[in-house]
Amino acid sequence: MKHILTILALISVFNSNSFGQKLEIGQKAPNIIQNSLTGQLLNLDSLKGQMVLIDFWASWCAPCRKETPYLVEAYRKYKDADFKNGKGFTIFSVSLDSKKEKWNEAIVKDNMSWPYQVSDLTGPLNKAAQLYKVKSIPANFLMDGEGIIIAVNLRGDELLRQLKKLKKGIF
């Protein structure tokens, strides 16, 4: 009986803290460290000071690929912009692919020219996707220069509108 009570107490603790909660606007974006296509470890926290879209996607995901032109346009248009709380904009793409070749082919084909492309090549079991409680893709989180999530799941022109609104001098 004592063991059952201990287990129930632990379950209660885990269910009441951030381990089980979805990430939301206003929370600090957890760090992600994963390998690039070349095997280099890339660290999300190294991008502090910039506006960053953390984008979860996969080469096999048709809705993800339909969103890519909007990401390409946002990156091209805002990569050097000044924001109220960040200088420059970049994208930290986390691929839920398990095949490196397919991941690379999609990056090239879709003109995803930003330098932060990572994956642990475990497919839907990607550790970063688990950390961010990603249940389906595409999924994204916009963080400001201090690493705070300021928008979630921006689709289509919503990303461009949000970045335009946050651009310095437009307030």
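Strand S3 (residues 51-57) is mostly covered, with seven of its seven residues buried. Here, buried means under 20% relative accessible area, exposed means over 50%, and partly exposed is what lies in between (1.4 Å probe, protein chains only). The model is a predicted one, in which local features need pLDDT of at least 70 and side-chain atom pairs count only at pLDDT 80 or more, while totals for chains, interfaces and linings use all residues. Residues are numbered from 1 along each chain as its sequence is written, and side-chain values use heavy atoms, with hydrogens and water left out.

Stepping back to the whole chain, the secondary structure comes to five helices and nine strands. Helices (H or I, at least four residues) and strands (E, at least two) are DSSP runs, numbered from the N terminus. Read along the sequence, they follow the pattern α-β-β-β-α-β-β-β-α-β-α-β-β-α. Of the 171 residues in the protein chain, 43% are buried.

Back in S3, the side chains split into two sets. Met51, Leu53, Asp55 and Trp57 point one way, Val52, Ile54 and Phe56 point the other way, and all are buried. That fits a general habit: in a regular strand the side chains alternate between the two faces of the sheet. One of the S3 residues, aspartate 55, carries a charge-bearing side chain by the usual count (Lys and Arg are positive, Asp and Glu negative; His and the chain ends are not counted). Aspartate 55 is buried, with a relative accessible area of 4%. Its C-alpha atom is separated by 6.9 Å from that of isoleucine 91, although the two residues are 36 residues apart along the chain.

So what does S3 pair with? Two strands pair if DSSP finds at least two bridges between them. Seven bridges join S3 to strand S6 (residues 89-95), and these two run parallel. In this pairing, methionine 51 has phenylalanine 89 of S6 as its bridge partner. S3 is also joined to S8 by five bridges, this time antiparallel. Here phenylalanine 56 stands opposite alanine 139, and leucine 53 has leucine 142 as its bridge partner.

Strand S8 (residues 139-143) is mostly covered too, as five of its five residues are buried. Ala139, Phe141 and Met143 point one way from S8, while Asn140 and Leu142 point the other way. Three bridges link S8 to strand S9 (residues 149-152), and the two run antiparallel. Methionine 143 stands opposite isoleucine 149 in S9, and leucine 142 stands opposite alanine 151. The hairpin of S8 and S9 has five residues between the strands, and in it glycine 147 takes a positive phi near 85°.

Next come the charged side chains. Side chains of opposite charge can pair when their charged atoms come close. A salt bridge is counted when a side-chain nitrogen of Lys or Arg is within 4 Å of a carboxyl oxygen of Asp or Glu. A search of the whole structure finds two of them. One joins the side chains of aspartate 110 and arginine 65, at 2.5 Å from N to O. Aspartate 110 lies in the loop between helix H3 (100-109) and strand S7 (116-118) and arginine 65 in helix H2 (residues 62-78), so this pair ties together parts that are 45 residues apart in sequence. Aspartate 110 is buried at 16% relative accessible area, whereas arginine 65 is partly exposed at 22%. Another salt bridge joins aspartate 82 and lysine 87, at 2.9 Å from N to O. In that pair, aspartate 82 is partly exposed at 34% and lysine 87 is exposed at 54%.

Finally, Arg76, Lys77, Lys164 and Lys167 form a positive surface patch. Patches are made of residues with over 30% relative accessible area and no salt bridge, where like charges are joined within 9 Å and nonpolar side chains (Val, Leu, Ile, Met, Phe, Trp, Tyr) within 5 Å. The place of a charge is taken as NZ of Lys, CZ of Arg, CG of Asp or CD of Glu, and accessible areas come from the Shrake-Rupley method with a 1.4 Å probe, where for residues only the protein chains shown count as cover. Within the patch, lysine 167 is found in the segment after helix H5 (157-166). Lysine 167 is partly exposed, with a relative accessible area of 32%.
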